[in-house]
Amino acid sequence: MAKVKMQKKAAAIDMTAMCDVAFLLLTFFILTATAKQPEPLQVDTPSSTVQTKLPETDLATLTVGKGKVFFGVTGKEVRVRTLELMGVKYGVAFSPEERQKFSLIDGFGVPIENLKQVIAMSSADRNQQDLQKGIPKDSLNNQLKDWIYSARQATKEIANKELKVAIKGDAKEEYPEIKKVMDILQEQDVNQFNLVTGLRGQDF
């Protein structure tokens, strides 16, 4: 007896549920993402083929460009403690609200006497180009040295670790300005630091 051949039907997959999930995820990422704020001092870093990742914690970044130096340190608690130490040294009292706002600022470039005005600004106003004139670093008023020292002290108190330092210099910046920053670090026996560069393709 001949076998009866079953007619094959094409399998159909309903993708409606998958599309719903994809749109839900897309909506979630759009609503929760935060726009990256422009840096108050934009620098064009020199190119390099070395791929070394900077540490995400216990790091101070010195941004150098246009003859100005900006300072930033990772970790909210370390930032607040650094601000407290600098306030004591320079006789500037910061309120709890100002300390809380300062803990959210990645980097700044003003003398400590003008820091209250910068803290009171919104993020967009604070990051306007050429608004902040840089942290003083001359021999008569070397606030940059004190910021670095206070941040190192705060990191030891809170994390019980040594603060790492990275210099993010503009490729067009003149060498004497970068050397001033290096000299300030070496005065505090900080002889190891990272130089932030932009990744470029390797020549073959």
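**View 1. Ring pairs join F71, F102, F108 and W147 into a cluster.** This cluster is shown in a predicted model, in which the count of aromatic pairs comes to 5. One of these pairs is formed by F108 and W147, whose rings are arranged edge-to-face, with 4.8 Å from centre to centre and 65° between the planes. The pair links distant parts of the chain, since F108 belongs to the loop between α3 (96-102) and α4 (115-120), while W147 lies in helix α6 (residues 143-159), 39 residues apart. F108 has a relative accessibility of 3% and W147 one of 0%, and because buried means under 20% relative accessible area, F108 counts as buried, as does W147.

**View 2. An open sheet is built from 4 strands in the order β3-β2-β4-β5.** The pairing within this sheet is mixed. The edges are taken by β3 (68-73) and β5 (194-195), each of which has a single partner strand, so that one side of each remains without a neighbour in the sheet. At the β5 edge, strand β4 (residues 164-169) pairs with β5 in the parallel sense over 2 bridges. In this part of the sheet, A166 has N194 in β5 as its bridge partner.

**View 3. V21, L25, F28 and F29 form a nonpolar patch on the surface.** Together, these four residues have about 400 Å² of accessible area. One of them, V21, is located in helix α1, which covers residues 16-32. The relative accessibility of V21 is 43%, and V21 therefore counts as partly exposed, a class that lies between the limit of 20% for buried residues and that of 50% for exposed ones.

**View 4. The protein chain as a whole, with 7 helices and 6 strands, provides the setting for the close-up views.** Read from the N terminus on, the elements follow one another as α-β-β-β-α-α-α-α-α-β-α-β-β. Of the 204 residues in the protein chain, 37% are buried. Among the contacts in the protein chain with a separation of 6 or more, 72% are made by residues 24 or more positions apart. The protein chain exposes about 13,700 Å², of which carbon and sulfur atoms supply 56%.

Methods
Residues numbered from 1 in each chain as written. Predicted model: local features only at pLDDT ≥ 70, side-chain atom pairs only at ≥ 80, totals over all residues. Heavy atoms only, no water. Patch = residues over 30% accessible without salt bridge, like charges linked within 9 Å, V, L, I, M, F, W, Y side chains within 5 Å. Areas by Shrake-Rupley, 256 points an atom, 1.4 Å probe, with all protein chains shown as cover. Salt bridge = Lys/Arg side-chain N within 4 Å of Asp/Glu carboxyl O. Buried < 20%, exposed > 50% of the residue type's maximum accessible area, 1.4 Å probe, protein only. Phe/Tyr/Trp six-rings, centres within 6.5 Å; stacked < 30°, edge-to-face > 60°. Pairing = 2+ DSSP bridges. Contact = heavy atoms within 4.5 Å.
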